[in-house]
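Student: I have a structure on my screen and a list of terms to go with it. Can we test each term against its definition?

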Amino acid sequence: MRRYITINLLLWSLLLTYQVARADGVTHVAFSETFDVNTGTGGRDNKFNGSGVASSGVAYVQEGWTNSNSVYGGSACLRFGTSSNNGTNGTCTTPEIILIGTAKTATLTFNAAGWGSGTNKLTVTANEGVTLSGDTQVTLTNSAWTAYTVNMTLTTATSVQLTFTGKRGFLDDVKVTETVTAINPPALSDERFFWPNTTEEAVMTVTVVPADSTTVYYTTDGSEPSESHGHKAMLTSNFDIEGTTTVKAKAYYKTLASDVVSRTYTQGATVSSIAAFKALADGTETRLAISDDANARVLHAYNNKVYLRDNTGTLCFDFGTTAAFNPAPAHNQHVAGWIVGRKQTENGLPKLVATGNTTTDYLAMAAPVTEPATEPAVITTDAVGNFALSGKVGDWVTVSGARIAASSTVSNVFGIQDYTAVYDGALIDVSAIVTANNQMAPVAYNDIKPVVYVIDEDQDFVSPGADIQNATVRLKRTLSKDHWNTLAVPFSTTLTGRVREYDYADGNTMKFKDAASIEAGKPYLVKPDQTVENPVFANVTLSAAAPQTVTNGNYSFVGLYSPTELATNKTELFLRSDGNLYYPAAGNARLAGMRAYFKVPGGQQVRLMADDADVTGIIGIGQHRTTDDGNALYDLQGRRVTQLKKGVYVRDGKKIIIH
């Protein structure tokens with residue numbers, strides 16, 4: 001079934017001030033109301049007071065009147081307001097009145113009479129843009145009819161509505177007339193493009209509505225219309241035009257004729273791929289047709305913008321507030337059909353910008369079933385942090401662990417120059433659309449944020465210049481469920497499993513207590529319920545503060561973010577996966593980042609306990625490892641032994657039993 005683009009060509013005599021050949025003036029009755037359909041009492045039957053007079057419901061010959069409750073039907077007239085001197089005003093307003101003359105001047109006449117005795121007034125007003133003079137506020141003659149005249153000029157208005165307000169009075173024979181020496185031409189819609197709908201045949205349906213009292217003739221072949229040539233517009237005439245068509249129209253009233261008005265409606269161009277659309281000049285309005293086999297997919301959608309890729313390239317649909325997607329698109333949706341928009345390039349990024357002709361009614365957007373998901377192109381950075389963006393303009397890309405630096409193009413990520421103070425020197429993951437000038441517009445996909453702050457256990461951590469609110473942070477580190485891990489991170493969070501914080505020292509025993517959550521910068525012992533690899537934490541506050549050291553007595557638990565060289569003078573120990581404490585060996589004293597170590601008096605023994613219980617077998621008794629070879633034996637107090645007895649000893653971090 002053919003569908004049409006409908007455009008209303010309202011052939012009214014409105015604001016257009018074209019001049020026409022002069023002729024003797026003719027009188028045009030623009031409006032007339034007799035109220036003859038009112039069959040009550042009062043007014044024209046010479047009854048002007050008394051109980052029950054003029055109390056019927058009000059009726060009008062012309063449609064479109066409005067009135068307040070205090071308006072009543074009389075005898076071929078109406079009564080406005082209540083009969084009491086202290087009563088309520090009544091108001092009634094005419095329908096819209098159209099003048100056909102170019103002068104836009106007219107005369108209002110009406111008859112009115114007063115109710116009984118007393119002072120009775122009637123006021124006439126008009127809508128904005130209409131100037132009135134004459135009998136606009138009159139004192140009515142009691143029990144007698146008087147004719148009144150008001151002159152009007154339409155200064156800025158295209159039509160007029162008159163309002164009568166008063167009480168204790170009657171109204172009849174409202175008439176608006178104008179002396180016309182020239183008439184306006186019909187008003188046609190602006191010239192425009194139109195496109196096919198569901199078929200390849202572009203058809204536009206034109207609706208012609210003549211103004212009251214004028215007769216309109218129109219043509220669609222470019223010829224001049226006249227009373228003897230062309231089509232006569234009836235009360236409502238519909239006709240179809242195909243391809244590029246010029247519509248001409250001319251209005252007639254009695255002996256007067258308007259100038260001809262002409263408009264051309266052009267079938268718009270169609271491009272059949274994103275690559276062809278991108279080749280258009282900026283400002284071109286066209287139809288983008290996307291075939292089903294173009295494999296078009298939604299890369300990213302947010303804020304009424306949709307990034308799209310087909311087999312030929314990428315494009316951004318930018319609807320702003322002009323249009324809306326229905327239904328709302330989602331990542332990796334299949335797209336086919338067509339859409340009208342204007343080509344625009346912004347910061348090197350090609351866009352289809354919505355116009356008044358834009359609609360998504362003819363785009364099919366469905367979640368893919370068998371098609372592979374659209375994924376971003378993975379790119380890398382060079383030694384100074386510049387992105388490898390060649391051939392990626394307008395495309396969706398990701399980069400993992402890029403180092404922000406003022407001298408690199410990575411500093412242009414999502415206009416990151418606004419964030420240099422907090423991101424300078426940081427490692428980040430980025431998801432973005434690449435623009436032609438090597439800038440990157442941020443995009444999120446699924447649950448991945450456009451910018452993720454990365455903390456790598458093997459790389460130096462650069463503290464942000466200020467706290468970063470609502471940050472997403474990725475830790476490049478594994479937390480094992482099989483043993484206790486030391487942990488220090490620059491944000492507060494929670495962890496499912498056991499979390500312990502240093503409480504106090506009792507002799508040479510460092511006691512740890514349960515912690516409900518993890519505080520930014522504070523060192524902890526953690527043992528998650530499940531092994532966690534490279535965890536991501538969303539919506540956290542990344543703190544600019546340095547890691548903390550928790551001290552009690554002669555013992556300290558020291559947090560660190562970056563890989564750190566520990567002292568080899570037997571004052572610093574680290575916890576290994578075997579559950580034992582070790583002195584670092586010379587040449588092998590580097591502790592990875594996001595961890596914590598233990599600071600003790602030189603060579604002094606230390607034990608670890610939690611919740612007032614010996615945690616041997618959970619954390620383990622502290623063993624002081626020296627640079628001795630792995631065959632040395634130690635007792636469970638960490639003392640090296642040379643003469644063995646039956647018992648349990650430690651060799652190279654492992655417990656052995658001597659019988």
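Tutor: Start with pairing: two strands pair if DSSP finds at least two bridges between them. Keep in mind that this is a predicted model.

Student: What makes β46 and β49 a pair?

Tutor: The cut-off is at least two bridges. Strands β46 (residues 572–575) and β49 (residues 595–599) have two bridges, in the antiparallel sense. So they meet the definition and count as paired. E572 has K599 in β49 as its bridge partner.

Student: Which sheet holds these strands, and in what order?

Tutor: An open sheet of five strands, ordered β43-β44-β49-β46-β47, with antiparallel pairing.

Student: Why are β43 and β47 called edge strands?

Tutor: β43 (549–552) and β47 (581–582) each pair on one side only. That is what makes them the edges.

Student: Where is S273, and why is it called buried?

Tutor: S273 lies in the loop between β22 (270–271) and α1 (274–278). Buried means under 20% relative accessible area. S273 has 16%, so it is buried. In the whole protein, 48% of the 659 residues count as buried.

Student: How do you know that S273 makes a polar contact with A276?

Tutor: The limit for a pair of N or O atoms is within 3.5 Å. The side chain of S273 reaches the backbone nitrogen of A276 at 3.1 Å. That value falls within the limit, so the pair counts as a polar contact.

Student: Which residues does S273 touch, leaving out those up to four places away in sequence?

Tutor: L288, A289, D310 and T312.

Note on methods. Residues numbered from 1 in each chain as written. Predicted model: local features only at pLDDT ≥ 70, side-chain atom pairs only at ≥ 80, totals over all residues. Heavy atoms only, no water. Helix = DSSP H or I, 4+ residues; strand = E, 2+ residues; numbered from the N terminus. Buried < 20%, exposed > 50% of the residue type's maximum accessible area, 1.4 Å probe, protein only. Polar contact = N/O pair within 3.5 Å; in protein donor to acceptor, adjacent residues only side chain to side chain. Contact = heavy atoms within 4.5 Å.
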